[in-house]
Amino acid sequence: MTELPSDYHRRLPYGERMSAEPLLGGPFFPFEGDIQVVPLADPVLPEPPRRGEPGGDACPKCADPDGYAIWADEQWSLKAGFQLSGLPMVALLEPREHYRLDNLPPELTATLGPMIQRVAGAIQRIDSVGRTHFNRWGDGSEHFHVWFLARPAGMMQLRGAMIAAWDDMLPKLPAEEFAANARLVAAALSEGGGEPVGLGRH
């Protein structure tokens, strides 16, 4: 094993299985019965490069700027439809230029909060949506991106972080329903600027 870099790393029980007990019976945990957690893997250090980083695969956003885009303006684009979804909408907000979170220019950073509000509000116009969750996972691609996941109205089990797991398990949206939702979201965003683009087609 690579030399461990911190006290945190050194106290973890690599190769052992953690107990799922703290999650079982929780209101947002979608599994019951015998749950077996995979063994905790050793750290991979140095970490492998993400897409878009030196030594990694090409940045998918920069290689295909309008692929799967449903709306764009001069600074941002919103993508959807890159995989079948069990939720009414799963979308990805990205700056048009290649930036990480830590080097977003101040003028672009100033527009991020309003863009999150706009995207969340646009997704809420879908009649099946109760709430719009958003989050940022940065382990796949260096190009900064924020995920939006639409929680269906009344489906209280889908609250919280496990909504992404529910998205994988729920029946997939019919193509025509996705297209209608994408058009609605793109039109709602366009009311504040920008315009609909490919409506999720690659």
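**Exercise 1. In this predicted model, establish how β3 and β5 pair, and place them in the sheet to which they belong.**

Solution. Begin with the two strands themselves: β3 and β5 run antiparallel to one another and are joined over 4 bridges. Within this pairing, Leu92 stands opposite Trp147 of β5. Next, widen the view to the whole sheet, which is open, is built from 6 strands in the order β4-β5-β3-β2-β1-β6, and has antiparallel pairing. Finally, consider the edges, where β4 and β6 (195-196) each have a single partner strand, so that one side of each is left without a neighbour in the sheet.

**Exercise 2. Set the sheet in the context of the protein by stating how many helices and strands there are and in what pattern they follow one another.**

Solution. The count comes to 5 helices and 6 strands. Along the sequence, these elements follow the pattern α-α-β-β-β-α-β-β-α-α-β. The C-alpha atoms occupy a box of roughly 50 × 40 × 30 Å along the principal axes, and 35% of the 202 residues count as buried. Among contacts with a separation of 6 or more, 60% are between residues 24 or more positions apart.

**Exercise 3. Compare the expected span of helix α3 with the distance between its end C-alpha atoms, and then locate its kink.**

Solution. Helix α3 covers residues 106-123, which is 18 residues, and at 1.5 Å a residue it should span 26 Å. The expected span is taken as 1.5 Å times one less than the number of residues. The end C-alpha atoms are 26 Å apart, which agrees with that expectation. The helix nevertheless has a kink of about 30° at Gly113, shortly before the proline Pro114.

**Exercise 4. Determine which residues of α3 are buried and against which elements they pack.**

Solution. First list the buried positions, which are Leu108, Leu112, Met115, Ile116, Val119, Ala120, Ala122 and Ile123. To read the spacing of such a list, recall that an α-helix has 3.6 residues a turn, so residues three or four places apart point the same way. The buried residues of α3 pack against the strands β1 (69-72), β2 (76-80), β3 (90-95), β4 (129-135) and β5 (146-152), and also against the helix α5 (175-190). Ile123 offers a detailed example, since, leaving aside neighbours within four places in sequence, Ile123 is in contact with Met89, Val129, Thr132, Phe148, Ala150 and Val185.

**Exercise 5. Describe the largest nonpolar core: how many residues does it have, and which of them have the most contacts inside it?**

Solution. The largest core has 29 residues, and those with the most contacts inside it are Leu78, Met89, Ile123 and Val185. The elements that give two or more residues to this core are β1, β2, β3, α3, β5 and α5. Of these contributions, the largest share, 7 residues, comes from α3. Apart from this core lies another, of 7 residues, among them Leu87, Leu158, Ile163 and Trp166.

**Exercise 6. Classify the ring pair of Tyr68 and Phe82, and describe its surroundings.**

Solution. The protein has 4 aromatic pairs. For the rings of Tyr68 and Phe82, the centres are 6.1 Å apart and the planes stand at 85°, so the pair is edge-to-face. Tyr68 lies in the loop between α2 (60-63) and β1, and Phe82 in the loop between β2 and β3, so placed that the pair links parts of the chain 14 residues apart. As for accessibility, Tyr68 at 24% counts as partly exposed, and Phe82 at 25% likewise counts as partly exposed. To finish, ring pairs link Tyr68, Phe82 and Trp147 into a cluster, and Trp147 is the residue of β5 that Leu92 stands opposite.

Note on methods
Residues numbered from 1 in each chain as written. Predicted model: local features only at pLDDT ≥ 70, side-chain atom pairs only at ≥ 80, totals over all residues. Heavy atoms only, no water. Bend = angle between axes of the 7 residues up to and from the residue. Buried < 20%, exposed > 50% of the residue type's maximum accessible area, 1.4 Å probe, protein only. Contact = heavy atoms within 4.5 Å. Core = buried A, V, L, I, M, F, W, Y, C linked by side-chain atoms within 4.5 Å. Phe/Tyr/Trp six-rings, centres within 6.5 Å; stacked < 30°, edge-to-face > 60°. Pairing = 2+ DSSP bridges.
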